[in-house]
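Visitor: I've got a model open and would like to walk through it with you. Shall we take a look?

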Amino acid sequence: MKSIFPLYFDTLNCSNGAHTQPWTFSVVRDQDTKEKVRQIIEEEEKINFEKRMGEKWVNDIKHGGTLLRNRNLSKCSTLIAVFKQVLLLRQKGEKRTHYYNEISISIAVGLMLAAIQNAGLVTCTTTPLNAGPRLRKLLGRESYEKILLLLPVGYAADNATVPDLQRKPLQDIMELHDHVVK
Ligand SMILES: Cc1cc2nc3c(=O)[nH]c(=O)nc-3n(C[C@H](O)[C@H](O)[C@H](O)COP(=O)(O)O)c2cc1C
C-alpha cells in the first residue's frame, strides 16, 4: 500500500476547540503488533457480547450489522488507533484540560474517513469497547489518552461486499428556515 501519510493532511489542519489538538493517531503496520491488537479486541469483544452488554444491546445493534466482525483485523495493511486526549499532562505534573475534546476529534476523524475514501481505500469505524486500557498499554500511550476508534485501513478484498442499507431521505434529516422574520 502507498504511504498513508497524505491522509493526515486534513486532520493536521483540522479545526479544534481552544486549539488543543486533542488527538493521537497510533498507526500500526507491524504484523506482530496487529496480531496483538486483534487478540485484545477479540477477547474483549467476546466478553462484551456474552456478559457485559446484555441481550437488548446485542439485539439492537445486530440489525445495523455490528456483530463480531473483528476477526480479520490483522489482515488489513494498517490499523489506526485513534486516541482522544482528555487532558495534557505537562512537565512538573501541570494539567491542561482539553475542553471539547470529543467533538474536536470527531471532526478530525470525519475528515480522515473522507480522505481514506478519496484515496480509494476502505475502512470500518470500530469502537473497541473495554479494550482501551490494554490497547493503550500495548501502544505505549499516556494514561490520559482514551481510545475512541480503531480503523482498519486497506484496499477492499476482491470478494468484499457491503450491506445495502437504506438512508433517511433528505427531508427527514434537514429542515429549512428561509423566510425573513420581521
Ligand atoms: C461510531 C461508530 C461505531 C461503530 N462501531 C463498530 C464496531 O465496534 N464494530 C463494527 O463491526 N462496526 C462498527 N461500526 C460500523 C457500523 O456497524 C456501520 O457503520 C453500520 O453498519 C452502518 O453502516 P453505515 O455506516 O454505512 O451507515 C461503527 C460505526 C460508527 C459510525
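Visitor: Which residue in β6 is the bridge partner of Val122?

Guide: Quick caveat: this is a predicted model, where local features need pLDDT of at least 70, side-chain atom pairs count only at pLDDT 80 or more, and totals for chains, interfaces and linings use all residues. Residues are numbered from 1 along each chain as its sequence is written. Strands here are DSSP runs of E, at least two residues, and helices are runs of H or I, at least four, numbered from the N terminus. β5 and β6 run antiparallel and are joined by 2 bridges. In β6, the partner of Val122 is Gly154.

Visitor: What is the strand order of the open sheet?

Guide: Strands count as paired if DSSP finds at least two bridges between them. The sheet has 4 strands with antiparallel pairing. Its edges are β1 and β5 (122–123), each pairing on one side only. So, reading across by that pairing rule, the order is β1-β2-β6-β5.

Visitor: And α4, what angle does its direction make with that of β2?

Guide: Contact means C-beta atoms, placed from the backbone, within 7 Å. By that test α4 packs on the sheet, touching β1, β2, β5 and β6. Axes are lines fitted to C-alpha atoms, for helices over the stretch in contact, with angles from 0 to 180 degrees between N-to-C directions. For α4 and β2 that gives about 160°.

Visitor: Is Pro152 buried or exposed?

Guide: Pro152 lies in strand β6. A residue is buried if 20 or more other C-beta atoms lie within 10 Å of its own, exposed if 12 or fewer, and partly exposed in between, with C-beta atoms placed from the backbone. Leaving aside neighbours within four places in sequence, Pro152 is in contact with Leu73, Cys76, Leu79, Thr123 and Cys124. Because Pro152 has 23 other C-beta atoms within 10 Å, the verdict is buried.

Visitor: Which element gives the largest share of the largest nonpolar core?

Guide: A nonpolar core is a set of buried Ala, Val, Leu, Ile, Met, Phe, Trp, Tyr and Cys residues joined through C-beta atoms within 7 Å. The largest one has 25 residues, with Val37, Leu79, Ala81 and Val82 making the most contacts inside it. Elements giving two or more residues are β1 (23–28), α2 (31–52), β2 (78–85), α4 (101–118) and β6 (145–154). The largest share, 6 residues, comes from β6.

Visitor: What percentage of the 182 residues is buried?

Guide: The secondary structure comes to 6 helices and 6 strands. Across the 182 residues of the protein, the buried portion is 23%.

Technical notes
Contact = placed C-beta atoms within 7 Å.
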